Amino acid sequence: MADSKATPVTPQPVSEGLWRLALPIRVPPGHINSWLIEDDDHWLVVDCGVRHQKVRHIWQDFMASPLYRRGITRIVLTHGHPDHSGSAAWLARETGATVLMAEAEQQAMTELWHEGQESRRQRHEWQTYWGA
């Protein structure tokens, strides 16, 4: 995973009320896009990155910045891949935000947790590789 200390990762404005936060991952292209949507004086976050300390530091830096304002109220996950959803539980605990995702996607994620021992081992290896 790219060293986030080498280049500070900060939200970049895209258009009025929409910001992009490029969160690091270990594989090309080297990041996923997390989207910050202004909602009055709060934020709605779309995807929140892998479960990794570097990603947490980026979120902590954002939460300590003046841009953070009154906080994150909702986290929307586009899908359950660990590079998009891995930090969701942590970010929700830190901010009190509600996590939302499509019902079909949640069902697919739930089914992954109720499979046989070999499938769990394979999934764990895959998720560990991807930083989840």
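Let me begin with a term: a residue is called buried when its relative accessible area is under 20%, and exposed when that area is over 50%. With that in hand, I will walk through this structure, which is a predicted model, and I will start from a helix whose buried residues make the definition useful.

The helix is α3, residues 88–95, and its buried residues are A88, W90, L91, A92 and T95. An α-helix has 3.6 residues a turn, so residues three or four places apart point the same way. As for what lies over the buried residues of α3, the cover includes α1, β5, β6 and α2, the last of these being residues 82–85. The helix itself lies across β5 and β6, and its direction makes about 165 degrees with that of β5. Just after α3 comes G96, which has a positive phi, near 80 degrees.

Stepping back to the whole chain, the protein has five helices and six strands, and read from the N terminus the elements follow the order β-β-β-β-α-β-α-α-β-α-α. Of its 132 residues, 36% count as buried. If we take the contacts between residues at least 6 apart in sequence, 55% of them join residues at least 24 apart.

The six strands make an open sheet with mixed pairing, in the order β1-β2-β3-β4-β5-β6. The edges are held by β1, residues 12–15, and β6, residues 98–101, and because each has a single partner strand, one side of each is left without a neighbour in the sheet. From one strand to the next, the twist averages 30 degrees. Helix α1 packs on this sheet, where it touches β2, β3, β4 and β5, and its direction makes about 150 degrees with that of β2.

Now to the pairing at the N-terminal end of the chain. Strands β1 and β2 are antiparallel partners joined over three bridges; P13 has W19 of β2 as its bridge partner, while Q12 stands opposite R20 in β2. The hairpin that these two strands form has two residues between the strands, and in it G17 takes a positive phi near 85 degrees. Strands β2 and β3 are also paired in the antiparallel sense, over seven bridges, and here P24 has H31 of β3 as its bridge partner. This second hairpin has six residues between its strands, with G30 in the turn showing a positive phi of about 95 degrees. P29 also belongs to the loop between β2 and β3, and the peptide bond leading from P28 to P29 is cis, with omega near 10 degrees.

That loop brings me to a link across the sequence. Y129, in helix α5, is 103 residues away from R26 in sequence, yet their C-alpha atoms are 8.7 Å apart in space. Leaving aside its neighbours within four places in sequence, Y129 is in contact with R26 and V27.

Most residues other than glycine have a negative phi, and most peptide bonds are trans. Against that background I would like to set two aspartates side by side. D40, in the loop between β3 and β4, has a positive phi of about 55 degrees although it is not a glycine. D47, in the loop between β4 and α1, likewise is not a glycine and has a positive phi, of about 70 degrees.

Which of the two descriptions, buried or exposed, applies to D40, and which to D47? D40 has a relative accessibility of 73%, and because the cut-off for exposed is over 50%, D40 counts as exposed. D47 has a relative accessible area of 3%, and because the cut-off for buried is under 20%, D47 counts as buried.

What, then, surrounds D47? Apart from neighbours within four places in sequence, its contacts are I32, N33, S34, W59, V76, L77, T78, H79 and H84. Although D47 is buried, it has no salt bridge, and the nearest side chain of opposite charge, that of R20, is 12 Å away. The side chain of D47 does make a polar contact with the side chain of T78, at 2.8 Å.

To close, I would leave you with D47 as the residue to look at on the screen: buried, without a salt bridge, and with its side chain in polar contact with that of T78.

Conventions
Residues numbered from 1 in each chain as written. Heavy atoms only, no water. Helix = DSSP H or I, 4+ residues; strand = E, 2+ residues; numbered from the N terminus. Buried < 20%, exposed > 50% of the residue type's maximum accessible area, 1.4 Å probe, protein only. Lys, Arg positive; Asp, Glu negative; His and termini not counted. Salt bridge = Lys/Arg side-chain N within 4 Å of Asp/Glu carboxyl O. Polar contact = N/O pair within 3.5 Å; in protein donor to acceptor, adjacent residues only side chain to side chain. Contact = heavy atoms within 4.5 Å. Pairing = 2+ DSSP bridges. Axes fitted to C-alpha atoms, helices over the stretch in contact; angles between N-to-C directions.
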